[in-house]
Amino acid sequence: MNEHPAWTHLETVALHAGQEPDALTGAVVPPIYQVSTYAQDGVGGLRGGYEYSRSGNPTRDALQACLAALEDPVGAAAGTTLGMAFASGLAAEDTLLRTVCAPGDHVVIPDDAYGGTFRLFAKVLGRWGLDYTPARLTDVEAVAAAVVPGRTKVVWVETPTNPLLRVADIAALADVAHAAGAILVVDNTFASPYLQQPLLLGADVVVHSTTKYLGGHSDVIGGALVARDPELAAQLAYHQNAMGAVAGPFDSWLVLRGAKTLAVRMDRHCANARSVVDVLREHPKVVEVLYPGLEGHDGHHVAVKQMRDFGGMVSFRVAGGEAAAVEVCNRARLFTLGESLGGVESLIEHPGRMTHASAAGSPLEVPADLVRISVGLEHVDDLVGDLVQALG
Ligand SMILES: *Cc1c(COP(=O)(O)O)cnc(C)c1O
């Protein structure tokens, strides 16, 4: 919450929400409160409401206020939409799922979910008694058919998806979830709040791996939840403290610093991705380019409706199958071979053998000839040159 009228322009929100100059010193940037506990003025006499940093920390609070305002500026200013920062994206997901679900409940998940999210369902929460059904989220009827009224507590959406860049219609899926008494959760990691604000389209909770575009500099692991309904938000905040997977002060500070430049970074990520896509589409060794900005992409019209631009993630299929795709990854120089995405530097990877290896043999297995790139902020001519040489 902040004392200013609600800013709604993301550029302004990112720089100022939750970031009043420090009351004591006037420091323009929220200080890193690297502290575990706080002196009390007599038993229960808290200064500023802080007693212990798992429960509350001023640096984390600054980030949380900023995250809430990025996803829902008006709701955050009113104090109804809350942000919560976690030690990782998966920690945020685990806290969310064990808050809103109990053993025996059911969740609908994307049939091309982020590999770590799928593993959380398949290997961890499955054992805990949470049932899940993978569904093709681009097919609203298929999602409606996968929902079990009374048992389904969550419809889990990623859009665009990783690594196939499919686009799901958030507003339509919110209706499906709500009709069954479930909540709609959107993992907004790939788009970032600059390109897409799911809460304003009907979603109940947004999940982020702030490790990616929000942090933006490949120097921190973090996660976030933003919830719009005050009662649900309060339950999540309770569990954030009760389960304890909070973001530390320095990590919170790094994500907040990254978020300040989200808008300008995303504009350049998108522009560079568009140029790279144009070259890949014409390349004889490329069988197919997956990018929501392409007219021929299945989800293009939904993307136009719900996104500001189409993002910096591009996947493509290489002629010659798995060996050829692996070879492209190995030959790239400027694109660093590595997992993760959303940093200033470009990355390349083979999802089948790397990020999505844990989905092998499951319905979520990805094509073996697929290469995924996270298009960074290097000069676009250098990026294109590297891909062309890697394709041989
Ligand atoms: C990276 C990622 C996650 C997991 O986040 P961590 O910070 O690595 O725990 C979840 N969803 C998506 C889409 C991701 O890219």
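This tour moves through a predicted model, from its two domains to their interface, then to a sheet and a loop.

**The two domains**

Begin by colouring residues 10–260 as domain 1 and residues 263–390 as domain 2, following the domain assignment of the protein. If a centroid is placed on the C-alpha atoms of each domain, the two centres lie 26 Å apart.

**The interface**

Next, select the residues of each domain that are in contact with the other: 39 residues belong to domain 1 and 42 to domain 2. Together the domains bury about 3,200 Å² between them, and carbon and sulfur atoms account for 63% of that area. On the side of domain 1, display Y194, L195 and Y213; these residues lose the most area to domain 2 and jointly make up 25% of what that side buries.

Now turn to the polar links across the interface. There are 15 residue pairs in polar contact between domain 1 and domain 2, counting pairs with both residues at pLDDT 80 or more. To see which elements supply the domain 1 side, select α1 (10–16), α5 (115–128), α8 (192–195) and α10 (249–260), each of which gives two or more residues to the side that touches domain 2. Colouring that side of domain 1 by class shows 21 nonpolar, eleven polar and seven charged residues.

One salt bridge is counted between the two domains. For a view of a salt bridge, select D169 and K305, whose closest N and O atoms are 2.8 Å apart.

**A five-stranded sheet**

Select strands β8 to β12 as a cartoon. These five strands form an open sheet with mixed pairing, in the order β8-β9-β12-β11-β10. At its edges are β8 (286–290) and β10 (336–337), each paired on one side only. Focus then on β8 and its partner β9 (residues 313–318): the two run antiparallel and are joined by four bridges. Within this pair, V289 can be found opposite F316 of β9.

**The loop between β4 and α7**

Finally, move to the loop between β4 (152–158) and α7 (170–179), where P160 lies. Most peptide bonds are trans, and most residues other than glycine have a negative phi. Which peptide bonds to P160 and P163 should be inspected here, and are they cis or trans? The bond from T159 to P160 is cis, with omega near -10°. The bond joining N162 and P163 is also cis, with omega about 5°, and P163 is in this loop as well. The last selection is L165, located between β4 and α7, where phi takes a positive value near 55°.

Definitions and conventions
Residues are numbered from 1 along each chain as its sequence is written. This is a predicted model: local features need pLDDT of at least 70, side-chain atom pairs count only at pLDDT 80 or more; totals for chains, interfaces and linings use all residues. Side-chain values use heavy atoms; hydrogens and water are left out. Domain bounds come from an automatic or database domain assignment. Contact means heavy atoms within 4.5 Å. Buried area is the accessible area (1.4 Å probe) that two parts lose on being put together, summed over both. A salt bridge is a side-chain nitrogen of Lys or Arg within 4 Å of a carboxyl oxygen of Asp or Glu. A polar contact is a pair of N or O atoms within 3.5 Å; within protein, one must be able to donate a hydrogen and the other to accept it, and residues adjacent in sequence count only if both atoms are side-chain atoms. Ala, Val, Leu, Ile, Met, Phe, Trp, Tyr, Cys and Pro count as nonpolar, Asp, Glu, Lys and Arg as charged, and the others, Gly among them, as polar. Two strands pair if DSSP finds at least two bridges between them.
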